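Let's take a walk through this structure together, beginning at the ligand and then turning to the aromatic rings.

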Amino acid sequence: MATSVASRARGGSLDDPFAVHMAPPAGETSDQRTARLAAAQNADKTSRQIDEVLLQSKKILDKKKADVKILLLGQSESGKSTVLKNFRLRFTPQYFDGERAAWRMVILLNLIGSLRVICETIESELESPEFSLVSDLHRQRCADLAPVLREEEIINQLISPSKQLLGELYVRPGGEWKTILASSEVAQNSASVVLSMRDEIENFWADTAVRELMEKKEIPIRDGGGYFMDDVARITEADYVPTDSDILRARIKTMGVEEHFFEKESASAARGVKDFWIYDVPGQRGSRAAWIPFFDMVQAIVFLTPLSFYEVLEEDTRVNRLEDSVILWKDICANTLLQNCQLILFFNKMDILKAKLRAGLIINEYVPSFADRPNTYIGATTYFKEKFKAYHKRSSPKPRSFFYYETTAVDTRSTAKIIGAVHEEIFRKHLHDSVLI
Ligand SMILES: Nc1nc2c(ncn2[C@@H]2O[C@H](COP(=O)(O)OP(=O)(O)O)[C@@H](O)[C@H]2O)c(=O)[nH]1
Ligand SMILES: [Mg+2]
């Protein structure tokens, strides 16, 4: 009998090598048959579900291939992640809104970080034998702030992927850390500790000796992003919700590549907007090899550089920041994998350049070739723009347009306009190229 069942199965489905294994066993009882059919049906359902998932992922993959992909490049600290936040604010505002609770925690953490730096500076100042701006009173104030300072490590442990030294706040790519910060009880408790000591924090920072010490030591505690000492009263309100600008200035570092998908959120927001992806990659010297796999797939690169000719790299203090940026720019322009890619240059942190010039920065002391050109904002941007443009022209494997913007990525309003123009330009070129293909 067994043979006849097998041959029937074989005969019925010559091209299905599995049919023989699926055939009912000999001498099956009616209960067994019911169980077998139910199991088969279940297996069928599971397999259909798997097929569906596979199909979905394939669809996503195909769609990803068709979508425009933008890569943010630039040395560490150039403002890539801040520009990404601007894109999110402009194109996926609802998503952005949903994350305010998590950013509130980042902002409080940034505040604790500043307090820690100030207390460390006070401590080392008190250890130096020379005349000191601060006294034991300040040491005592720092001791009083200990409960707040302790929370930094507690939150770090909650979200950081590995045990790390206090200082930079690192998280894994993706949104998990945001969920933890927004909803965990530990994080909420940390926030309460900070809020409960708001008067102490405010008084501490109101002390001119503390401010003078930080200025004397040239430790940035107010410039740029990540610093909220001047906003203590506001950010420690019980019902504080971070503004867009606060979120842009909040500071957290991601280990690895951030991938963000920009999908039209609503019909009204959709006018002219297409789906696209943005990749935010780490910029330290050691991690630049990781950029290369992206070169094959991106249609546009936004390349960021502050004009920080007066600074050196954090990871290698022998290297001038602007020189490093110029070398990077030349490499990117010359790369044949990127020859059809649109390159968009952002001179970022222009607010800082303006402030430095106002404070008396002399450009040709750092850049002798600047010579006796006007030592002004326009003078500087014009000079460096021509330099970058010349390298772009000389190094590109084939001719392409040069796009350039002066940006202050922490300023949402001015950046929104630029981001809109960049988005339009990228899609115009993409459409043009698709027609040509
Ligand atoms: N003042 C000022 N700070 C900026 C600007 N753009 C970025 N920053 C700050 O510079 C720091 C580094 O920016 P980030 O986006 O993390 O740089 P990334 O390392 O390239 O991702 C952050 O603290 C930002 O808030 C800007 O245009 N002006
Ligand atoms: Mg970054």
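Which element gives the largest share of the shell around ligand 1? Helix 4 does, with 3 residues. Keep in mind as you look around that this is a predicted model. Helix 4 (80-91) and helix 17 (350-358) each supply at least two residues of that shell. On the scale of domains, at least three shell residues come from domain 1 (68-92 + 263-436), and at least three from domain 2 (100-249).

Now zoom in on the residues themselves. There are 19 around ligand 1, and Glu77, Lys80, Thr82, Arg251 and Asp351 come nearest. By character, the shell comprises 10 polar, 5 charged and 4 nonpolar residues. Asp351 places a polar side-chain atom 2.7 Å from a nitrogen atom of the ligand. Oxygen atoms of ligand 1 also have partners: a side-chain N or O atom of Ser81 lies 2.9 Å from one, and for Lys349 the corresponding distance is 3.1 Å. Of the 580 Å² of accessible area that ligand 1 has on its own, the protein covers 93%.

Next, the aromatic rings, which form 21 pairs. Phe261 and Trp277 make a tilted pair, with centres 4.5 Å apart and planes at 35°. This pair links strand 4, home of Phe261, to strand 5, home of Trp277, across 16 residues. Are these two rings buried or exposed? Trp277 counts as buried because its relative accessibility is 8%, while Phe261, at 29%, counts as partly exposed. Elsewhere, ring pairs join Phe303, Trp329, Phe347, Phe388, Phe402 and Tyr404 into a cluster.

Methods
Residues numbered from 1 in each chain as written. Chains lettered and ligands numbered in written order. Predicted model: local features only at pLDDT ≥ 70, side-chain atom pairs only at ≥ 80, totals over all residues. Heavy atoms only, no water. Near = heavy atom within 4 Å. Polar contact = N/O pair within 3.5 Å; in protein donor to acceptor, adjacent residues only side chain to side chain. Areas by Shrake-Rupley, 256 points an atom, 1.4 Å probe, with all protein chains shown as cover. Helix = DSSP H or I, 4+ residues; strand = E, 2+ residues; numbered from the N terminus. Nonpolar A, V, L, I, M, F, W, Y, C, P; charged D, E, K, R; others polar. Domains from an automatic or database assignment. Phe/Tyr/Trp six-rings, centres within 6.5 Å; stacked < 30°, edge-to-face > 60°. Buried < 20%, exposed > 50% of the residue type's maximum accessible area, 1.4 Å probe, protein only.
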